[in-house]
Amino acid sequence: MTEKVFYNTCPAAGCHQLCALKVHVEEGRIRKVESADYPGDPAARSVCLKGLAAPRLVYHSDRLKYPLKRIGERGEGKWQRISWDEALDTIAAKLLEVKEKYGSQSVKIMAASSSHVGVLMGRLMAARFANAWGAGGVFEAKSHWLADMRVPAASLLTLGDSGQTHRPRDVVHSKMIIVWGGNPAETHIPNMRFILDAKDQGAKLVVIGPLFDATAAKADRWIAIRPATDAALAMAMIHVIIREGLYDRDYVMQHTVAPFLVSEKDGRFLRQDGKPAVWDETAQESRPFDAAALPALQGTFNTGGGACKTAFHLLTEKAAYYTPERAEEIIGVPAEEIRSLAREYAAAKPATIRMYYGVSRTLNSTLSCRAMIILAALTGNIGVPGGGAPVPQVFSPIVLDEQAVANPPGAPGVQVLPGTPSSMRGWAAIREGKPYPIKVFFNAYRNDLQCDGHLEGYREIFAPMELVVVSDIFMTRTARYADIVLPDATIYERDDMVVNGDYLQLLEKAIEPLHEARTALDVWSALAERVGLGEYFRHTPQDYMRMLLASGHPSVDGITFERLEAEKIVRGNLPSPPEIPFARGNFPTPSGRIEFYNESLVEFGEELPFHRETLESPRRSPLAGRYPLIFLSAKVRATMHSIMANVDWMQEVSEEPLLHINPADAQKRAVADGDWVVAFNDRGRVKLKARLSEAVPPGTVNVPHGWWPERFAEGHYSDLLHRIDDLTTIDPVLESETVVGDSRACSGLIHFDCLAEVVKA
Amino acid sequence: MGDRQYSLAFDERRCIGCRTCVIACKVENQLEAGSWMRVLTRGGATAESPAGTYPGLSLSWQPDTCRHCPDPPCREACPSGAVYKRPDGIVLIDREKCTGCRICADACPYDAIRFDPEGYAQKCTLCSHRIDRGLEPFCVKECICGAIRLKGIRRTRSTENGE
């Protein structure tokens, strides 16, 4: 038997790992996949249970096999098989019709997700069509949906860089690793080994979060915090560190805004000669920061510009409220434990705070993340190997010429939907048809109706649309609400490439598309031909990859397509080891320093971080009387959002989806392990079995994220979450100019900010 | 080779319960349902729940499969002589000789014997087909946290270890 090996990657790569895989093909069929070696970097090789099971997706009996046309109501599930010609003719005719009636901007094309792997097929082919067509409905906020971009936002507001990152393996240099609000042992499995390596070398692993998960199980110390109170813990640690003098004074003086004088009048930095001013202890007067011999760190001063305090003084005052005793009351962790954690963190150098996205799924969590970054700044842990408070995702330093592919010369380009600085406002605008209507909606390779908020919101948003097209490999919950469904090719059925951290990886076509599946390039080309844009789609995937690699950026210097084709995995021209952000003390903030005090946020009352009870807080929300339980939907190892959740092998190694409830809460509701229960709130309900578990604290319930509606007796857990167009879920800071103007930081949904009640069914 | 006694070593400290080994075993041995590898949990009353009361909790995992015992009770028990041990220590079951009587399963102290859809006994072969080609067992290769090692041979991540 002849066997061929192709290089590709994991299809469930929303964990941002993009593990390179070798695909073994025998007689046109994938026999297996396995982890592939990275050139000269054996430690980079990785795969997890999901990647190894990837062929089960390809050969899944439920794969969409041919185009479908809706014949019942939207969502009713009545379909008719149609030919590709009929599907494409119908779509093309509607495109031309709405262009005539409403303009080309009445077409919105959303085809990109962390789940659809491949620079070309996952994103840029659709973008090319959208630009060539002049599609509209692009939000001013970069994101459209979930977008866990509060950590990047906090990073932008404090350090001036939303993409600052330490590589996952940098933790081997750490003496203490704080995993804050995440579960890498299940959701970033390839990274967990580096944490274990660090532990083997003596590093302490601290895990902060409300659920006892697989990562907490490996921790030296688990801080079982009440959900969404992370800012109170971080501020209490700041308080202890300042009060006990455990901060790195030199670092704080040199690299943060600590000595800058803040005017009591307007909360802005006092400026002299156009520069932030400090109090010079020697001269006993305020001077530009670079002209003072001995700047004061603490104090209130009467300057020529009025009464001022140093920024450090203001931070000290703000943190003083969060005594460990008061914090204990808020976060539910004993004061002594908070004190000792602060002391240990300050003493362990270097120490890293790894913020995960779980920390950012509540309304006020940008404040929490800012406070965490301040902890790293106070202790001099910024800019050093093994330190930092990086964003969890490695934004690749490799620069491709994406514009050359996405926006061909002569194309009119896409149009922004004005007044949409957040995705919530964007969807509300589309629902209302303002300022212009969206009549045709392409939603390709995404399962938003399951993963991003509840169904009713989408129904209303889709209602005024004349055509909704979904392209996918399965009849997902999202595809069910389409008018036309197109069967997509999997990543093993097409040629493409990805950028994965420091590497370029070729994605090789291993088999012909099964059934009648077609690649994104084929579909967009065929549509373009029908609407008179065929001239833009005369290239092969290889042509596009050549365009991408011709960016002229030093990171791809000498990396031709031919080289990528020969070597499959190529490291970008990047410094090795990778640069540690801010190693040279260079901060791209307005002041050039770490802005733990951010004067642009004075208008929001958030110049310094603090704890504010979250939107649906059991302590603050008026809903708490009826819905006393915090409703979480944490990720699990067998699924990546909804990908792989329909694969038999993943179900075989997982529990069925259960509602995890603390025995104390269960007893109050007369619920026994295995009983049918209904979890509900004003937005929706889900029926499933209960699992009595100490892994969730009293007052909180958890349903694992990812499982499809078919696996629940009634409803779906996502129907308890907020609507995507819910304006009450907007954090105004994330709609500010600074954040909206950044390429990554943005607003996002608040999936962990929901209250519910549970009753026996 | 004769003095080598291959078997697997499990490191509970490095096991995160991810089940990649369980899937790897299915992949390599083409097991549609079930796996010769399983993950044992040490915790509370139900599968993945911890022992203790919130927040004083503990939970740990350990991969588990055939130990390739020095003196295998399954070999002892098999009435048809289907179980044998290779000179390198690997314990295998000869499907031709197996009658499906299931006596081996009762004899195994580790509950490591499975049965194929036709009722014949099967279990971890230590990927002897890979070992014979100088490769590690597939679960060892793909255990991302290094919780499974092949004893009797030095394991290196630095070598190209594909096919």
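In this predicted model, the buried residues of α19(A) pack against five elements of chain A: the helices α3 (84-102), α4 (119-133) and α20 (541-549), and the strands β20 (467-472) and β21 (484-487). Helix α19 of chain A spans residues 520-530. Its buried residues are A:Ala520, A:Leu521, A:Val523, A:Trp524, A:Ser525, A:Leu527 and A:Ala528. A:Gly532 follows α19(A). The phi of A:Gly532 is positive, near 80°.

A second packing arrangement in chain A involves two helices, α9 (residues 230-243) and α11 (residues 311-320). Their axes come within 8 Å. The axes cross at roughly 120°. An angle over 115 but not over 145 degrees counts as oblique, so α9(A) is oblique to α11(A). The crossing of α9(A) past α11(A) is left-handed. On the α9(A) side, the contact is made by A:Met235, A:Ile238, A:His239 and A:Ile242. On the α11(A) side, A:Thr316, A:Ala319 and A:Ala320 contribute. By residue class, the contact of α9(A) with α11(A) holds five nonpolar and two polar residues. No charged residue takes part in this contact.

Chain A also contains an open sheet of three strands, in the order β22-β23-β24. The pairing is antiparallel. Strands β22 (496-500) and β24 (569-571) of chain A form the edges, and each pairs on one side only. From one strand to the next, the twist averages 20°. Strand β23 of chain A covers residues 503-507. Three bridges join β23(A) to β24(A) in the antiparallel sense. A:Leu504 stands opposite A:Val570, a residue of β24(A).

Between the chains, 33 residues of chain B are in contact with 38 residues of chain A. Two elements of chain B, α1 (20-29) and β3 (51-53), each supply at least two residues of the side that touches chain A. Helix α1(B) gives the most to this side, with six residues. The side of chain B that touches chain A is made up of 14 nonpolar, eleven polar and eight charged residues. Charged residues are thus present on this side of chain B, whereas the contact of α9(A) with α11(A) has none.

Technical notes:
Residues are numbered from 1 along each chain as its sequence is written. Chains are lettered from A and ligands numbered from 1 in the order in which they are written. This is a predicted model: local features need pLDDT of at least 70, side-chain atom pairs count only at pLDDT 80 or more; totals for chains, interfaces and linings use all residues. Two residues are in contact if their C-beta atoms, placed from the backbone, lie within 7 Å. Helices (H or I, at least four residues) and strands (E, at least two) are DSSP runs, numbered from the N terminus. Ala, Val, Leu, Ile, Met, Phe, Trp, Tyr, Cys and Pro count as nonpolar, Asp, Glu, Lys and Arg as charged, and the others, Gly among them, as polar. Axes are lines fitted to C-alpha atoms, for helices over the stretch in contact, and angles run from 0 to 180 degrees between N-to-C directions. Angles under 35 degrees count as roughly parallel, over 145 as roughly antiparallel, 65 to 115 as roughly perpendicular and the rest as oblique. A crossing is left-handed if the near helix is turned anticlockwise from the far one by less than a right angle, and right-handed if clockwise. A residue is buried if 20 or more other C-beta atoms lie within 10 Å of its own, exposed if 12 or fewer, and partly exposed in between; C-beta atoms are placed from the backbone. Two strands pair if DSSP finds at least two bridges between them.
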